[in-house]
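The exercises below each set a task about the structure shown here and then work through a solution step by step. Please try each task before reading on.

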Amino acid sequence: LSFPDSDNVTVTVSGSLPATKIDVTPSERNFGNVFVGESEDRTFTVKNVGSGTLSGSASASSPFSIVSGSSYNIAAGDSHTVTVRFSPTAAGSSGNVNVTFGGGGGTTKTVRGTGVTANFILTVSKSGSGSGTVTATGISCGSDCKQAYSSGSSVTLTASAASASV
């Protein structure tokens with residue numbers, strides 16, 4: 001370091017980045033309500049924030065599973081996507097389940113979901129050449145256009161046209 005009055009100070013930095021260090025985002029995933037016998041996928045991003053190559057694998061316990069990206073070798077500064085699937089076999093909450101990410105010190109992230117049986121299934125279909133979204137509690141049409149509701153439920157659908165669409 002040089003200062004305006006010509007004094008010089010020497011600074012020595014010791015230590016180094018860990019060879020591998022893992023960072024996983026987001027901190028948790030909620031799969032919401034999923035029909036029994038069907039499945040829903042969510043992703044996590046695994047990043048190597050160390051200086052070496054991060055080698056590891058991800059695991060989960062039933063009713064959750066890793067469907068892609070379970071094993072990884074990630075260069076320093078790079079990322080990798082791990083896809084977790086919720087496949088309920090019975091109605092009810094899964095509680096909080098940990099997905100384990102190995103390597104670089106390892107970490108766990110929480111996933112949860114609820115298996116539901118459908119008394120009534122509301123399915124939304126869009127038609128025409130325009131685009132937009134239809135939303136309601138549990139529905140965001142585009143990626144998910146069906147939701148189970150119990151008898152007597154009141155559901156309000158909201159349609160929003162995209163720019164230049166009707």
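Strands (E, at least two residues) and helices (H or I, at least four) are DSSP runs, numbered from the N terminus. This is a predicted model, in which local features need pLDDT of at least 70 and side-chain atom pairs count only at pLDDT 80 or more, while totals for chains, interfaces and linings use all residues. Residues are numbered from 1 along each chain as its sequence is written, and side-chain values use heavy atoms, with hydrogens and water left out.

**Exercise 1. Describe the overall form of the protein.**

Begin with the elements: the protein has 15 strands and zero helices. Next, take the extent of the C-alpha trace, which spans about 80 × 45 × 25 Å along its principal axes. The radius of gyration (taken over C-alpha atoms) can then be set against the globule rule of 2.2 Å times the number of residues to the power 0.38; the protein has 23 Å, whereas a compact globule of 166 residues would be near 15 Å. Finally, 23% of the 166 residues count as buried, where buried means under 20% relative accessible area, exposed over 50% and partly exposed in between, with a 1.4 Å probe and protein chains only.

**Exercise 2. Find the cis peptide bonds before Pro 26 and Pro 63, and place both prolines.**

Most peptide bonds are trans, and most residues other than glycine have a negative phi. The bond from Thr 25 to Pro 26 is cis, with omega near -5°, and Pro 26 sits in the loop between β1 (22-25) and β2. Ser 62 and Pro 63 are likewise joined by a cis peptide bond, with omega about 10°; the loop that holds Pro 63 runs between β4 (54-59) and β5 (64-68).

**Exercise 3. Classify the ring pairs of Phe 31 with Phe 86 and of Phe 44 with Phe 101.**

Rings of Phe, Tyr and Trp (its six-membered ring) pair if their centres lie within 6.5 Å, and planes under 30 degrees apart count as stacked, over 60 as edge-to-face and the rest as tilted. By this rule there are four aromatic pairs. For Phe 31 and Phe 86 the centres are 5.9 Å apart and the planes are at 55°, which is a tilted pair. Phe 31 belongs to strand β2 (residues 28-35) and Phe 86 to strand β7 (residues 79-86), so this pair ties together parts that are 55 residues apart in sequence. Both Phe 31 and Phe 86 are buried.

The ring centres of Phe 44 and Phe 101 lie 5.5 Å apart with planes at 65°, so that pair is edge-to-face. Phe 44 in strand β3 (residues 40-48) and Phe 101 in strand β9 (residues 97-101) are 57 residues apart. Phe 44 is buried, at a relative accessible area of 0%, and Phe 101 is buried too, at 1%.

**Exercise 4. Trace the sheet that contains β15, and then the segment that follows.**

Two strands pair if DSSP finds at least two bridges between them. Three strands form an open, antiparallel sheet in the order β13-β12-β15, whose edge strands, β13 (139-140) and β15, each pair on one side only. Strand β12 (residues 132-136) and β15 are joined over four bridges, and Gly 132 stands opposite Ala 161 in β15.

In the segment after β15 lies Ala 164, where phi is near 70°, a positive value in a residue other than glycine; at 84% relative accessibility, Ala 164 is exposed. Ser 165 lies in the segment after β15 (158-161) as well.
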